[in-house]
Protein chains: 2
Amino acid sequence: MTLENLQFRLASRPVGMAKDTDFQQAAEALRELADGEITVKTLYLSLDPAMRGWMNDAKSYIRPVAIGEVMRAGGVGEVVASKSPKFAVGDVVSGGIGVQAYWQGAATDKTASFFKIDSKLAPLTTWMNTLGMPGMTAYFGLLEVGQPKAGETVVVSGAAGAVGQTVGQVAKQLGCRVVGIAGGKEKCDFVVKELGFDACIDYKTGSVRDGLKEHCPQGVDVYFDNVGGDILDAVLTRINMKARIVICGAISQYNNTTPVKGPANYLSLLVNRARMEGMVVFDYADRYHLGVAALAGWLKEGKIKSKEDVVQGLENFPQALTMLFEGKNFGKLVLKVA
Amino acid sequence: MTLENLQFRLASRPVGMAKDTDFQQAAEALRELADGEITVKTLYLSLDPAMRGWMNDAKSYIRPVAIGEVMRAGGVGEVVASKSPKFAVGDVVSGGIGVQAYWQGAATDKTASFFKIDSKLAPLTTWMNTLGMPGMTAYFGLLEVGQPKAGETVVVSGAAGAVGQTVGQVAKQLGCRVVGIAGGKEKCDFVVKELGFDACIDYKTGSVRDGLKEHCPQGVDVYFDNVGGDILDAVLTRINMKARIVICGAISQYNNTTPVKGPANYLSLLVNRARMEGMVVFDYADRYHLGVAALAGWLKEGKIKSKEDVVQGLENFPQALTMLFEGKNFGKLVLKVA
């Protein structure tokens, strides 16, 4: 039996939001493996805001996806064929699978950089959330760049999203007051009632500035920014002396066809001797195991939760990706492929 | 003889650039001193971009000047009468004199915070420049926030200005490549030929972005920003991994009647894991003596220079202040009062 490999390849560079027609579906037959190679069957794909940036032909922290190339994506899969001593058939692995039903190549491929995961430690979807890139981003971004101290106020935007939920929960574990910013009552209720945030500001129904005034009476010491735009500007008006702003992302700006909106209130950094610093999770790769150990421990003890939003079917990839930028996902967005 | 004290009091909050009519001239007779008080005769006043911010009724690192109050200014004066053991007649002091011919009050006044200066160590004008607030701002801002290492590239805007000239010269002492940004050929020639910068970009005659490409072939490791606006945005496109941007001021934005222009390229901080941090010189007050010692040493050895632009006459204060924002001063702007 020759298996068909459904793939989504980048067909054109999107202008604004990525559309169906920016991807081309292809179906290739799987080939025989050469020595040292493996075939990984995709189980889940991780859908992340950063994917939009990878589609632009611009210098960034990672090279752009080429036109005609399989769209880049992280995910979890099962090794279904192996001519490598590194992985055995049946191993569950995490890595850069791409938006396709199967991945084939050298077991040691650096771009994919597969590693075995322990599916007994947590459900597979958690390995793309709290124990995956979003969790590592939250853990190292908060601890290393945000450097919160017990008793300080930590604000996080995209609070119900993949990174935000873990940022807030880890900050609570550290003894901070935690205030989320999210879109809609359902998400806000979730982060407060389910995840234990102290408060959450619904940016869709009220002024973020007023919300910060109400819920951060001691000001803001750490702001973990996933969204940029007007929300970043609002938080800048409420920061404390020596505050730390972690620039993790700017989802509000990724589909811009006009120039990015810079933070007009950035001079608050001067007045407050505060810091705004960017972070990219890959820099902490040699310590991921420490992040996984800490987060898995808290998960096991029930101190933190991992919330995923699972969409079914590889064929629904373009529509699922759009959900991220419309704020329609509730928790870490995952595509179930098989 | 009763001496008259000519004063400039804030008459109204300026919209945009401060105008003559935003100040009211007053002439008061000097009064008899009470015990513990001194009279200081103003010799020089320091004119600084920060003065524009002090005129706004906005929360900042220092309270606004009140309407009707003598305009705040630092300066150097001579004690001409004393009923305090702290200062003797003939002492030369530096402190918050205000825009007036004489200062009267308690020798221990905290707002004025006068201290004796050694007029043999350097000319009086240097005490408002390299050995005064601008020098301290440059020294501590560069060393503590910018943290340059030998061999790195340091860029400084307002390069011929009070802070910029010292930032660049100190960075050269530390073994850095130093590139200034200034307005006009004369200023650029000065910082390269007289102060020893490696290069200077004239923002008035060419693209700052192209200039950075040409003169910073290794990228930018430290950017000391005195101007904000488009120049900050241009530098953000050329920063290196782990770059440090010192937010010291934003003279291009201080007279805005429209909102401040935020740095549209701030996501370069993310891509480059870079940092943007604000600083206010007052935080280093307990170490000013260390900054003065280091800078006075380099001055004495001829390793650095102090360039002042002296305007004559207290009555010319409003026009002289305007020069700052039009980039018309060449070096630290000082008003000679007596």
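Is B:Ser113 buried, exposed or partly exposed? In this predicted model, B:Ser113 has a relative accessibility of 41% and therefore counts as partly exposed. The residue belongs to the loop of chain B that runs between strand E6 (102-106) and strand E7 (115-116), and its backbone deserves attention, since B:Ser113 has a positive phi of about 40° although it is not a glycine. Most residues other than glycine have a negative phi. A second case is found in chain A, where A:Lys242, again a residue other than glycine, has a positive phi near 60°. A:Lys242 is placed in strand E12 (residues 239-247) of chain A, and with a relative accessibility of 47% it counts as partly exposed.

The relation between the two chains can be taken next. Two copies of a chain are related by a rotation about an axis and a shift along it. Here chain A is superposed on chain B by a rotation of 180° with 0.0 Å of shift along the axis, and the RMSD is 0.0 Å. The two copies are thus related as by a two-fold rotation axis. The residue of chain A that comes closest to this rotation axis is A:Gly262, whose C-alpha lies at 2.2 Å. As for the interface, 100% of the interface residues of chain A are also interface residues in chain B, so the copies meet through the same surface.

Within chain A, the record offers one annotation: an unreviewed UniProt entry lists residues 16-335 as "domain: Enoyl reductase (ER)". In the model, the C-alpha atoms at the two ends of this span lie 22 Å apart, and the span is 26% helix and 25% strand.

Two buried residues of chain A share a contact partner. A:Ala296 lies in helix H8 (residues 288-300) and, at 11% relative accessibility, counts as buried. Beyond the residues up to four places away in sequence, A:Ala296 touches A:Leu121 and A:Leu131. A:Ser46 is 250 residues from A:Ala296 in sequence, and their C-alpha atoms are 19 Å apart in space. A:Thr126, by contrast, is found in a loop, the one between strand E7 (115-116) and helix H2 (133-146) of chain A, and it counts as buried at 5% relative accessibility. When residues up to four places away in sequence are not counted, A:Thr126 touches A:Leu131, A:Gly132, A:Leu299, A:Ser306 and A:Glu308; A:Leu131 is thus touched by both A:Thr126 and A:Ala296.

Helix H5 of chain B, which covers residues 208-215, shows how burial can be arranged around a helix, with B:Val208, B:Gly211, B:Leu212 and B:His215 buried. Seen down the helix axis, the buried residues of H5(B) fall within an arc of 100°, so they line one face of the helix. An α-helix has 3.6 residues a turn, so residues three or four places apart point the same way. On the other side of H5(B), B:Lys213 and B:Glu214 are exposed. The buried residues of H5(B) pack against several elements of chain B, namely strand E8 (153-157), strand E9 (177-182), strand E10 (199-202) and helix H6 (229-236). At the N-terminal end, H5(B) is capped by B:Ser207, which has a side-chain oxygen 3.2 Å from the backbone nitrogen of B:Arg209.

The cysteines remain to be considered. A disulfide is a covalent bond between the sulfur atoms of two cysteines. Counted over all chains, the model has zero disulfides. For A:Cys216, the closest cysteine sulfur is that of A:Cys200, and at 11 Å it is too far for a bond, given that a disulfide requires the sulfur atoms to be within 2.5 Å. A:Cys216 counts as buried at 1% relative accessibility, and B:Cys188 counts as buried at 7%.

A:Cys176 is also buried, with a relative accessible area of 3%, and is found in the loop between helix H3 (162-173) and strand E9 (177-182) of chain A. Apart from its neighbours within four places in sequence, A:Cys176 is in contact with A:Pro148, A:Lys149, A:Gly151, A:Glu152, A:Val154, A:Ala171 and A:Asp198. A:Val155 is 21 residues from A:Cys176 along the chain, and the C-alpha atoms of the two are separated by 9.9 Å.

Technical notes:
Residues are numbered from 1 along each chain as its sequence is written. Chains are lettered from A and ligands numbered from 1 in the order in which they are written. This is a predicted model: local features need pLDDT of at least 70, side-chain atom pairs count only at pLDDT 80 or more; totals for chains, interfaces and linings use all residues. Side-chain values use heavy atoms; hydrogens and water are left out. Buried means under 20% relative accessible area, exposed over 50%, partly exposed in between (1.4 Å probe, protein chains only). Copies are superposed by least squares on the C-alpha atoms of residues with pLDDT of at least 70 in both. Contact means heavy atoms within 4.5 Å. Helices (H or I, at least four residues) and strands (E, at least two) are DSSP runs, numbered from the N terminus. UniProt positions are given in the numbering used here, feature names are shortened, and annotations may be inferred rather than shown by experiment. The arc is that of the directions from the helix axis to the C-beta atoms. A polar contact is a pair of N or O atoms within 3.5 Å; within protein, one must be able to donate a hydrogen and the other to accept it, and residues adjacent in sequence count only if both atoms are side-chain atoms.
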